[in-house]
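Subject: Structure handover

Hello,

Here is the structure I said I would pass on. My notes follow it.

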Amino acid sequence: QVQLVESGGGLVQPGGSLRLSCAASGILFNINNMGWYRQAPGKQRELVATITPNGTTNYTDSVKGRFTISRDNAKKTVYLQMNSLKPEDTAVYYCYRFWRVWSDWGQGTQVTVSS
């Protein structure tokens, strides 16, 4: 069974930082594209960042320069370093994998940015 388990969410003040982690199992991690989605109440799910097996990254415009996605293939883990957080970053963040026609999401971790 595919498992994507997110952790690292929490409550932070504006301008603060968090690092999200996603531990993967049940997949050939080093051939999968990985990424992070987020979904806020009343809004559609938004793709935040992706990383290919060879390390090529992409980000949605609103997080460029603030968020960094990375992966550790030995640990089968993908990370999202989130700096300079803003209230509009508040959402449930979901780990994502994609290879050919196969894709999966994790259960999510809550990130709340508030003073």
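Leaving aside neighbours within four places in sequence, which residues is arginine 97 in contact with? They are Val2, Leu4, Ile27, Asn32, Asn33, Met34, Trp102, Ser103 and Asp104. Please keep in mind that this is a predicted model.

Arginine 97

Arginine 97 is part of strand E9, which covers residues 91-99. Its relative accessibility is 8%, under the 20% limit, so arginine 97 counts as buried. Its side chain has polar contacts with two other side chains: one with asparagine 32 at 3.2 Å, and one with aspartate 104 at 2.8 Å. Asparagine 32 and aspartate 104 also appear in the contact list of arginine 97.

The chain as a whole

The protein chain has 11 strands and 0 helices, so the order of elements from the N terminus is β-β-β-β-β-β-β-β-β-β-β. The radius of gyration is 13 Å, close to the 13 Å that the globule rule gives for 115 residues, so the chain is as compact as a globular protein of that length. The C-alpha trace spans about 40 × 25 × 20 Å along its principal axes.

Of the 115 residues, 37% count as buried. Among contacts with a separation of 6 or more, 52% are between residues 24 or more positions apart. The accessible surface is about 6,300 Å², and carbon and sulfur atoms account for 47% of that. There are 12 positive and 7 negative charges, and their mean positions lie 5 Å apart.

Strand E10 and the loop before it

Between strand E9 and strand E10 there is a loop that holds arginine 100. Arginine 100 is not a glycine, yet its phi is positive, at about 55 degrees. With a relative accessibility of 61%, over the 50% limit, arginine 100 counts as exposed.

Serine 103 is in strand E10, residues 102-105. Its relative accessible area of 33% makes serine 103 partly exposed. Outside the four places on either side in sequence, serine 103 is in contact with Tyr96, Arg97 and Phe98. The C-alpha atoms of serine 103 and leucine 28 are 12 Å apart in space, with the two positions 75 residues apart in sequence.

Threonine 109 in strand E11

Strand E11 runs over residues 109-113 and includes threonine 109. Threonine 109 has a relative accessibility of 11% and counts as buried. Its side chain reaches the backbone nitrogen of glycine 9 at 3.2 Å. Apart from neighbours within four places in sequence, the contacts of threonine 109 are Glu6, Ser7, Gly8, Gly9, Leu20, Ala91, Val92 and Tyr93.

Alanine 23 and lysine 76

Alanine 23 belongs to strand E3, residues 18-25, and is partly exposed at 40% relative accessibility. The C-alpha atoms of alanine 23 and glutamate 6 are separated by 6.6 Å, and the two residues are 17 apart along the chain. With neighbours up to four places away left out, alanine 23 is in contact with Gln3, Leu4, Val5, Lys76 and Thr77.

Lysine 76, one of those contacts, sits in the loop between strand E7 (67-72) and strand E8 (77-82). Lysine 76 has a phi near 50 degrees, a positive value in a residue other than glycine. Its relative accessibility is 38%, which puts lysine 76 in the partly exposed class.

Threonine 60

Threonine 60 is in the loop that connects strand E6 (57-59) with strand E7. Not counting residues up to four places away in sequence, threonine 60 touches Glu46, Leu47 and Val48. For leucine 47, the C-alpha distance to threonine 60 is 7.0 Å, at 13 residues apart in sequence.

If you look at one site, I would open arginine 97 with its polar contacts to asparagine 32 and aspartate 104.

Regards

Methods: Residues numbered from 1 in each chain as written. Predicted model: local features only at pLDDT ≥ 70, side-chain atom pairs only at ≥ 80, totals over all residues. Heavy atoms only, no water. Helix = DSSP H or I, 4+ residues; strand = E, 2+ residues; numbered from the N terminus. Rg over C-alpha atoms; globule rule 2.2 N^0.38 Å. Buried < 20%, exposed > 50% of the residue type's maximum accessible area, 1.4 Å probe, protein only. Contact = heavy atoms within 4.5 Å. Areas by Shrake-Rupley, 256 points an atom, 1.4 Å probe, with all protein chains shown as cover. Lys, Arg positive; Asp, Glu negative; His and termini not counted. Charge placed at Lys NZ, Arg CZ, Asp CG, Glu CD. Polar contact = N/O pair within 3.5 Å; in protein donor to acceptor, adjacent residues only side chain to side chain.
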